[in-house]
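Q: Could you take a close look at the aromatic residues in this structure and at the packing around them? I would like one connected account that I can follow on screen.

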Amino acid sequence: MKKYISIIGCALGLLGLASCSNSEYDFDHLFPGEYHKVFYINNAADQGYIIYDVDEEHADTIQLFKAGSHPQLEADATFEQCNQKELDSLHKDYTILPANCYSLEKTTHFAPNVRYAKIPVKFNLAAVKAFLASQTDDKPVALSLKLVSENASVNSEKMWFFREVTVEQPRVDFTPATINASFCDTELTITNQLSINNKWDFTCDLSTASAEADVAAYNTEHMTSYKLLPQTAYKLSASKLTFAKGTREVATKLTLDASSLSLNDTYLLPVRMANCSINGFNVSTSVLYVVVDPKVNITLDMLSSPCTQTDDGAALPGLIDNNPKTFWHSVWKTNYLNAEYGHYFQVDLKNTMRKQLYFDYYTRDYNPVCPTEIGIFVSTDGNTWKELVHLTKDGNNLPGTSSMWTSPVYDLPFDVNHVRFCIFRSNNGRTGVDNGACAAVTGFDLWGK
């Protein structure tokens with residue numbers, strides 16, 4: 001087109017000179033015939049085109065222009081399907097989409113002074129899907145058209161229209177697909193996301209209709225024994241998801257109430273989607289698993305201790321690394337004296353316990369450091385503490401070496417945000433009082449609601 005514009009510009013200059021000298025030159029003399037009417041496609045020649053597998057019209061648009069020196073002239077533009085020889089000459093490694101997969105007005109008439117037309121190309125979804133399924137190689141399939149005209153010129157650089165066609169089924173998924181919650185969580189966020197940019201207004205329902213069967217299937221697949229979370233223990237802020245055009249993500253609140261749940265069980269709530277208002281969206285295969293576990297997920301940032309022997313054992317990480325060969329060791333090279341709490345480590349909870357707790361701990365393979373007297377202290381603010389329970393080796397059968405001890409379930413006197421595991425004695429004496437007396441623990445777990 002730059003070539004055409006340059007020629008037209010020069011010609012207009014000549015026209016000005018001719019008019020000044022009363023020349024009889026006119027446009028027919030100034031412009032060769034092939035420049036009187038020139039068709040070209042204004043779209044990019046090569047692009048991908050996604051046909052979404054939904055119940056709607058699937059159409060692309062070709063932008064067709066008529067340029068040239070004589071806009072008042074009529075002309076006709078025609079689209080033909082390319083052949084393989086033409087694709088090879090253009091170095092296009094496409095499989096040609098057959099004509100039964102699409103429709104368009106092959107010939108467009110341009111009336112005088114009409115310079116632009118939008119040509120719709122409508123795809124037959126069923127035919128496209130059938131043809132794509134029949135392909136046995138990985139070559140891309142493309143709508144392959146060329147522009148021709150019997151009564152006008154065609155720009156040789158802008159006469160091709162290729163659209164690599166793929167079919168995609170929009171999905172609505174839960175993100176993430178699993179939510180792990182404790183009994184102390186009170187509100188969770190369920191997020192649903194469309195797999196593509198959203199150009200629709202639509203709705204989907206959240207459903208737990210198949211929850212019992214989904215729990216059984218999950219337990220079989222993962223070798224677990226989770227129980228179905230009872231309906232009395234949760235509430236959804238909405239059961240219908242409403243996606244507005246341009247919005248890919250919708251959030252729903254799930255409120256938990258673990259007060260009636262057993263600390264000895266882990267619960268599972270499978271949530272599915274159903275009844276999408278747009279036919280064709282894939283929602284039935286997506287499932288969210290909400291795992292509600294009474295066990296507290298203790299992380300390192302929740303642990304602290306003023307009496308850790310840093311050069312013996314694995315320090316605080318030894319309490320939660322699930323490795324029986326590592327351990328937390330209290331100080332023995334220096335004295336740490338606290339008459340009220342002995343040697344202790346502390347768990348600062350991220351969620352409040354209001355009803356009950358229980359715990360277990362693991363001992364080292366070295367008898368002198370095994371605890372023989374411990375206390376569990378609880379606090380709301382981390383400043384004022386109350387002893388929840390006091391335990392001794394003789395009175396409560398605390399374990400010897402390389403053993404685990406699990407406590408009973410204890411009712412809480414108030415809301416608890418902090419828990420201290422205090423060791424007053426070990427087999428080598430009163431911790432922090434007798435010379436070198438210290439203790440070690442190889443693991444600690446906590447449950448509560």
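A: Happy to walk you through the aromatic pairs, then the cores, and then a helix and a loop residue. Please keep in mind that this is a predicted model.

Let's start with the rings. The count comes to 26 aromatic pairs. One of them joins Phe183 and Tyr267, with 6.0 Å centre to centre and 45° between the planes, so it is classed as tilted, falling between the 30 and 60 degree limits. Phe183 sits in the loop between strand 13 (178-182) and strand 14 (187-194), while Tyr267 belongs to strand 20 (residues 267-274). The two are 84 residues apart, and the pair thus links distant parts of the chain. At a relative accessible area of 4%, Phe183 counts as buried because the limit is 20%. Tyr267 is buried as well, at 7%.

A second pair worth a look is Trp200 with Phe281, where the centres are 5.1 Å apart and the planes make an angle of 75°, an edge-to-face arrangement. Trp200 is in the loop between strand 14 and strand 15 (202-207), and Phe281 is in the loop between strand 20 and strand 21 (287-293), so this pair ties together parts that are 81 residues apart in sequence. Both Trp200 and Phe281 are buried.

Further along the chain, Trp328, Phe345, Phe359, Tyr361, Trp405, Phe421 and Phe444 form one aromatic cluster. Several of these names come back in the largest nonpolar core, which has 42 residues: Phe359, Phe421, Phe444 and Leu446 touch the most other members. Elements giving two or more residues to this core are strand 24 (343-353), strand 25 (356-362), strand 26 (371-379), strand 27 (385-392), strand 30 (416-426) and strand 33 (443-448). Strand 30 gives the largest share, 6 residues. If you centre your view on Phe359, its contacts beyond four places in sequence include Ile374, Ile376, Leu391, Trp405, Tyr410, Phe421, Phe444 and Leu446. Apart from this core lies another, of 39 residues, and Tyr267 from the tilted pair is among them, as are Ala181, Leu206 and Ile278.

Two rings also carry a charged neighbour. Arg364 lies over the face of Phe327, at 4.0 Å from the ring centre. Arg420 does likewise over Tyr341, at 4.7 Å.

Now for the helix. Helix 5 (residues 211-222) has 12 residues, and its first and last C-alpha atoms are 16 Å apart, close to the 16 Å expected. Its buried residues are Ala211, Asp214, Val215, Tyr218 and Asn219. These cover an arc of only 135° around the axis, which means that they are on the same side of helix 5. The spacing fits a general rule: an α-helix has 3.6 residues a turn, so residues three or four places apart point the same way. Exposed on the other side of helix 5 are Glu212, Ala213, Thr220 and Glu221. The cover over the buried residues includes strand 16 (227-228), strand 20 and strand 21. Just after helix 5, Met223 takes a positive phi of about 55°.

Finally, a loop residue: Thr431 lies between strand 31 (429-430) and strand 32 (440-441). Thr431 is buried, with a relative accessible area of 3%. Leaving out residues up to four places away, Thr431 touches Gly342, His343, Ile423, Phe424, Arg425, Ser426, Ala437, Cys438 and Ala439.

Note on methods:
Residues numbered from 1 in each chain as written. Predicted model: local features only at pLDDT ≥ 70, side-chain atom pairs only at ≥ 80, totals over all residues. Heavy atoms only, no water. Phe/Tyr/Trp six-rings, centres within 6.5 Å; stacked < 30°, edge-to-face > 60°. Helix = DSSP H or I, 4+ residues; strand = E, 2+ residues; numbered from the N terminus. Buried < 20%, exposed > 50% of the residue type's maximum accessible area, 1.4 Å probe, protein only. Lys NZ or Arg CZ within 6 Å of the ring centre and 35° of its normal. Expected span 1.5 Å × (residues − 1). Arc of directions from axis to C-beta. Contact = heavy atoms within 4.5 Å. Core = buried A, V, L, I, M, F, W, Y, C linked by side-chain atoms within 4.5 Å.
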